[in-house]
Amino acid sequence: MSRAAGPDDIPPEVLKNYDLDAIVLEMCCMALMDNQKPLQWSLYKIIPVPKAGNLSYPDNYGGISFSCIIAKIVMYANTLAKAVTPDGETDLFYTTAGVLKGNTLEPFIFNNVLDHALGRAINGRETDLRFTVTPRRSKRQPAVTETDLDFADDIALMSDQVEQAQVLLYLVEAECLKVGLRLNTKKTECSIYNTPEHIPLKTLKGRELNEVPDFKYLGAWINSSDQDINIRNVMEGTG
């Protein structure tokens with residue numbers, strides 16, 4: 001089955017099935033070195049895809065963007081070279097290029113940026129913020145702990161204590177803000193177990209998270225008395 005084409009109406013199969021390498025290479029070189037490119041390369045065909053909730057609201061749709069096939073090749077080469085740039089001297093992280101939502105490079109860039117933010121927030125603090133999955137049984141069987149479970153933009157932060165969870169949430173939110181990601185409070189929920197009285201979990205701006213008895217994460221319902229706390233935390237771009 002042929003894949004959907006962009007504004008040029010040329011599907012990817014054309015480049016696979018015909019000997020156009022020399023022509024494509026020449027066009028890519030002109031675009032990257034001489035900044036010569038057709039106006040059509042700057043156009044996108046955006047298809048709205050319904051998600052959840054009331055579909056009469058635009059916010060409940062996600063857009064998939066289709067660009068011209070050769071423009072996508074040029075963009076791959078250009079974006080991979082400069083999109084994600086860590087600064088070795090200051091340990092800062094810069095993003096100097098971006099793509100539209102639905103572009104095939106989007107997950108790659110997003111995951112690199114988010115992984116950097118999570119690393120700065122958690123690395124070196126695992127012992128203080130961890131959630132104990134399996135207690136220590138002996139010297140040969142140490143405790144198994146985790147602080148976060150991540151799949152794309154679905155992040156589950158976990159700690160043994162509510163106070164630890166609050167610190168963990170603050171750290172992650174602060175580091176994500178530095179790279180242009182924000183906490184989506186509408187989609188962020190927390191579940192607290194075996195702790196009848198506890199402080200409410202809040203964002204950096206002081207907004208309390210919605211507390212639920214259970215929630216669905218990656219297709220599975222989370223609801224276990226063995227857990228003290230589990231935060232479902234969704235980050236999304238500010239742009």
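## Exercises on salt bridges and surface exposure

At 36% relative accessibility, Ile47 counts as partly exposed (buried means under 20% relative accessible area, exposed over 50%, partly exposed in between, with a 1.4 Å probe and protein chains only). The model is predicted: local features need pLDDT of at least 70, side-chain atom pairs count only at pLDDT 80 or more, and totals for chains, interfaces and linings use all residues. Residues are numbered from 1 along each chain as its sequence is written, and side-chain values use heavy atoms, with hydrogens and water left out.

**Exercise 1.** Place Ile47 in its strand, then find its nonpolar patch.

*Solution.* Step one: Ile47 belongs to strand β1, residues 45-50. Helices (H or I, at least four residues) and strands (E, at least two) are DSSP runs, numbered from the N terminus. Step two: Ile47 joins Val49 and Ile64 in a nonpolar surface patch. Together they have about 190 Å² of accessible area, from the Shrake-Rupley method with a 1.4 Å probe, where for residues only the protein chains shown count as cover. Patches take residues with over 30% relative accessible area and no salt bridge; like charges are joined within 9 Å, nonpolar side chains (Val, Leu, Ile, Met, Phe, Trp, Tyr) within 5 Å.

**Exercise 2.** How many salt bridges does a search of the whole structure find? Trace the network they form.

*Solution.* Step one: the search finds 2 salt bridges. The criterion is a side-chain nitrogen of Lys or Arg within 4 Å of a carboxyl oxygen of Asp or Glu. Step two: Glu175 pairs with Arg120 at 3.0 Å, N to O. Glu175 lies in helix α6 and Arg120 in helix α4 (residues 106-122), so this pair ties together parts that are 55 residues apart in sequence. Step three: Glu175 also pairs with Lys178, at 3.3 Å, N to O. Both residues lie in helix α6, 3 residues apart, about one turn of the helix. Step four: Arg120, Glu175 and Lys178 are thus linked in a salt-bridge network.

**Exercise 3.** Classify each network residue: buried, partly exposed or exposed?

*Solution.* Take Glu175: its relative accessible area is 12%, so Glu175 is buried. Arg120 has 26% and is partly exposed. Lys178 has 56% and counts as exposed.

**Exercise 4.** Locate Gln161 and classify its exposure.

*Solution.* Step one: Gln161 sits in the loop between β8 (154-157) and α6 (162-178). Step two: its relative accessibility is 42%, so Gln161 counts as partly exposed. Step three: the C-alpha atoms of Gln161 and His198 are separated by 9.5 Å. Along the chain, these residues are 37 residues apart.
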